[in-house]
Amino acid sequence: MSQEIRNLEPKALWNKFADLNAVPRPSKKEDRVIAFMKNFGESLGLETFEDEIRNVIIRKPATAGMENRKPIVLQGHLDMVHQKNGDTAFDFDTQGIDMYVDGDWVRARGTTLGADNGLGVAAIMAVLESTTIAHPAIEALFTIDEETGMTGALNLQGGILQGQILLNLDTEEDDEIDIGCAGGIDVTATAEYDEEETPEGSVGYNITVKGLNGGHSGMDIHKGLGNANKIMNRLLFDGFDNFGLQIAEIKGGSLRNAIPRESVAKVIIAEVYDEAFVFDMQQIVNEIKTELKTTEPNLEVVFEKLEATPAKVMPSIAQFYFVRAMYTAHNGVYSMSADFDNLVETSNNIAKVMLGEGQLTVQCLTRSSVETAKFDLANGLRSAFELMGCEVEFSGSYPGWTPNSKSEILDVLVPLYEKQNGEKPRVVACHAGLECGILGTNYPDMDMISFGPTIHGAHSPDERASISSSQKFWKFFVEILANIPLK
């Protein structure tokens with residue numbers, strides 16, 4: 001890893017981030033980072049333990065003169081989203097993140113950076129290690145599997161934490177103080193079908209949608225970005241209706257919380273339609289590029305004739321219902337909040353589509369700050385896919401975080417921010433799945449707030465963290481610790 005990362009200011013923060021990013025930490029495979037964090041806490045002589053679900057908790061006593069302040073919980077999640085560009089050779093299970101400096105940004109070469117939520121975790125580590133930063137009694141809560149199920153937060157038992165105030169460090173704009181967030185639910189549609197033999201006189205094509213920006217399926221859902229699965233379905237729908245195209249295979253998207261950037265399909269058409277099909281497809285591609293020219297200037301759709309025509313395909317009748325269900329299923333913003341300006345209330349991301357060998361799976365992540373609206377949209381998706389014969393499962397539901405306008409810690413942060421920066425922060429709710437709402441289920445009296453440094457492009461290989469923002473965030477964080485309310 002380049003020494004230039006470790007030389008960045010504040011060094012305490014960036015050195016801990018470099019240490020953390022040297023450890024592979026995919027969601028649901030956190031053994032190594034759990035061991036790393038336990039070793040870190042124990043090396044400092046601090047009380048360090050795992051709970052039943054394997055969250056790591058480290059306790060540090062108050063510094064001299066701070067014993068009369070309310071005890072606090074500093075919280076971040078250990079796992080990171082693993083996304084890479086199609087042409088990047090990288091093994092997330094064995095390699096640390098390859099970071100570099102690009103102007104005011106820290107980036108990773110061809111992969112996600114892990115600043116979500118690695119910078120928050122690193123900031124907590126730096127405070128635990130410090131002998132000069134004033135703070136009350138601290139419980140550092142490092143949760144697992146936030147990105148693919150909120151597993152650590154959902155399974156944290158009541159009675160373990162002793163803190164009265166929780167500072168979540170997982171917000172991604174440094175001028176925001178978050179006091180609420182959306183809940184979410186996984187919607188999964190599955191079906192089986194009997195493949196049929198490819199008709200004689202057919203030719204095969206490989207269709208690739210690529211070059212999309214991708215991004216966080218909550219924080220970026222309002223930006224009008226292209227969804228590779230929806231773009232692919234638009235092509236397949238037209239090819240089927242006009243040329244009898246049949247699908248052999250689809251592999252689109254990856255993680256539920258990432259807007260899909262790429263999709264690949266293997267299809268067949270009658271050879272007699274070969275030239276007309278390619279011409280018609282290019283016309284549609286041009287239309288899509290025109291529609292997305294502002295948000296997706298690098299969109300590419302590639303058609304390659306296959307040397308070997310696929311032997312089996314999805315039957316036409318099954319495909320008729322599939323492409324229509326995909327067209328019907330909502331993707332993107334569903335409704336905006338009537339209570340907060342410019343806040344998405346409810347949305348859905350059609351995240352992953354896998355089809356082939358008689359099996360179909362479509363994975364979605366539905367979010368909403370209103371619990372009933374979350375299930376309303378989920379039921380709309382369920383209906384679309386059940387009409388084509390799918391079985392639809394809801395799983396991983398977690399609640400949103402209801403804003404507390406009477407928060408004592410909010411009354412501390414707002415004037416501190418204004419004093420440091422000469423302007424008021426934006427006090428907002430966000431359309432992402434912060435763990436505060438879940439943690440509040442078992443700790444209903446804990447006062448919670450979220451803030452953090454500026455991170456753009458989270459959940460995509462374009463993820464980047466602002467260096468100047470990290471300095472602003474660190475100064476703010478240290479000042480907050482010194483001004484925690486009295487008991």
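These legends go with a set of close-up views of a predicted model.

**View 1. The whole chain, before we zoom in.**
This predicted chain holds twelve helices and 25 strands. Its radius of gyration is 24 Å, close to the 23 Å that the globule rule gives for 487 residues, so the chain is as compact as a globular protein of that length. Measure along the principal axes and the C-alpha trace spans about 85 × 50 × 45 Å. How many of the residues count as buried? The share is 56% of the 487 residues. Take the contacts with a separation of 6 or more: residues 24 or more positions apart account for 79% of them. As for the outside, the accessible surface comes to about 19600 Å², and 47% of that belongs to carbon and sulfur atoms.

**View 2. Charges across the chain.**
Count up the charged side chains and you get 41 positive and 72 negative ones. The centres of the two sets lie 5 Å apart. Some of these charges pair up, and the count of salt bridges comes to 26. The next three views each pick out one of these pairs.

**View 3. Lys 16 and Asp 19, partners within one helix.**
Here Lys 16 forms a salt bridge with Asp 19, and their closest N and O atoms are 3.7 Å apart. Where do the two residues sit? Both are in helix 2 (residues 11–21), three residues apart, which is about one turn of the helix. Lys 16 counts as buried, at 10% relative accessibility, whereas Asp 19 is partly exposed, with a relative accessible area of 24%. The pair also has company: salt bridges that share partners join Arg 6, Lys 16, Asp 19 and Glu 129 into one network.

**View 4. Arg 59 and Glu 139, a bridge between two strands.**
The side chains of Arg 59 and Glu 139 meet in a salt bridge, with 2.9 Å from N to O. This pair links distant parts of the chain: Arg 59 belongs to strand 2 (residues 56–60) and Glu 139 to strand 6 (residues 138–143), 80 residues apart. Are these two buried or exposed? Arg 59 counts as buried at 16% relative accessibility, and Glu 139 counts as buried at 4%.

**View 5. Asp 462 and Arg 107, a link across the sequence.**
In this close-up, a salt bridge joins the side chains of Asp 462 and Arg 107 (3.0 Å, N to O). Asp 462 is in the loop between strand 24 (455–456) and strand 25 (464–466), while Arg 107 is in strand 5 (residues 105–108), so the pair ties together parts that are 355 residues apart in sequence. Asp 462 is partly exposed, with a relative accessible area of 34%. Arg 107, on the other hand, is buried, with a relative accessible area of 17%.

**View 6. Lys 424, out in a loop.**
Look for Lys 424 in the loop between helix 10 (408–421) and strand 22 (426–430). At 60% relative accessibility, Lys 424 counts as exposed. Which residues does Lys 424 touch, if you skip those up to four places away in sequence? They are Tyr 417 and Glu 418. For a sense of distance, Lys 424 and Asp 51 are 373 residues apart in sequence and 38 Å apart in space, C-alpha to C-alpha.

**View 7. Two cis peptide bonds.**
Most peptide bonds are trans. The bond from Glu 9 to Pro 10, though, is cis, with omega near 0°. Pro 10 sits in the loop between helix 1 (3–6) and helix 2. The bond from Asp 116 to Asn 117 is cis too, again with omega near 0°. You'll find Asn 117 in helix 4 (residues 115–129).

**View 8. Two residues with a positive phi.**
Most residues other than glycine have a negative phi. Lys 28 has a positive one, near 70°. Lys 28 is in the loop between helix 2 and helix 3 (31–43), and at 56% relative accessibility it counts as exposed. Asn 342 also has a positive phi, near 60°. Its place is the loop between strand 18 (332–336) and strand 19 (344–356). Asn 342 counts as exposed as well, at 76% relative accessibility.

Notes. Residues are numbered from 1 along each chain as its sequence is written. Side-chain values use heavy atoms; hydrogens and water are left out. Helices (H or I, at least four residues) and strands (E, at least two) are DSSP runs, numbered from the N terminus. The radius of gyration is taken over C-alpha atoms; the globule rule is 2.2 Å times the number of residues to the power 0.38. Buried means under 20% relative accessible area, exposed over 50%, partly exposed in between (1.4 Å probe, protein chains only). Contact means heavy atoms within 4.5 Å. Accessible areas come from the Shrake-Rupley method with a 1.4 Å probe; for residues, only the protein chains shown count as cover. Lys and Arg count as positive and Asp and Glu as negative; His and the chain ends are not counted. The place of a charge is taken as NZ of Lys, CZ of Arg, CG of Asp or CD of Glu. A salt bridge is a side-chain nitrogen of Lys or Arg within 4 Å of a carboxyl oxygen of Asp or Glu.
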